[in-house]
Amino acid sequence: MAKSLELIFTTAAGKDVTLTVDEPRDNVTDAELLAGMQAIITQNIFEVEGSSFASVKGARIVERNVVEYQV
């Protein structure tokens, strides 16, 4: 099963943006996520269409199963 961590931000222009991290560790805490996301905002690391990240909207783990068929 593949796991990914989605970090969801809102830009200064009001647009939601998602950063995806593949195979996050299992024991990541809410506090660690919030601190990391705040650091991304504070350090102004990313821009989308000229607008910097302004706030944290949320974070989630996404799991997916892939079944391959021999055809």
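This is a short tour of strand E1, its two partners and the salt bridges around them.

The model is predicted, with local features needing pLDDT of at least 70, side-chain atom pairs counting only at pLDDT 80 or more, and totals for chains, interfaces and linings using all residues. Residues are numbered from 1 along each chain as its sequence is written, and side-chain values use heavy atoms, leaving out hydrogens and water.

Select residues 2–11, strand E1 (strands, E, are DSSP runs of at least two residues, numbered from the N terminus). Eight of the 10 residues in E1 are buried (under 20% relative accessible area; exposed is over 50%, partly exposed in between; 1.4 Å probe, protein chains only).

Add residues 16–22, strand E2, which runs antiparallel to E1 and is joined to E1 by seven bridges (strands pair if DSSP finds at least two bridges between them). Leu7 stands opposite Leu19 of E2. In the hairpin, four residues lie between the strands, and Gly14 has a positive phi near 90 degrees.

Next, show residues 51–64, strand E4, paired antiparallel with E1 over 10 bridges. Arg60 is the bridge partner of Glu6, and their side chains also form a salt bridge at 2.6 Å, N to O (a side-chain nitrogen of Lys or Arg within 4 Å of a carboxyl oxygen of Asp or Glu). The pair ties together parts 54 residues apart in sequence, because Glu6 lies in E1 and Arg60 in E4. Glu6 is buried at 15%; Arg60 is partly exposed at 45%.

Move to Asp16 and Lys57, a salt bridge with closest N and O atoms 2.4 Å apart. This pair links E2 to E4, 41 residues apart in sequence.

Finish at Arg25 and Glu32, another salt bridge at 2.6 Å, N to O.
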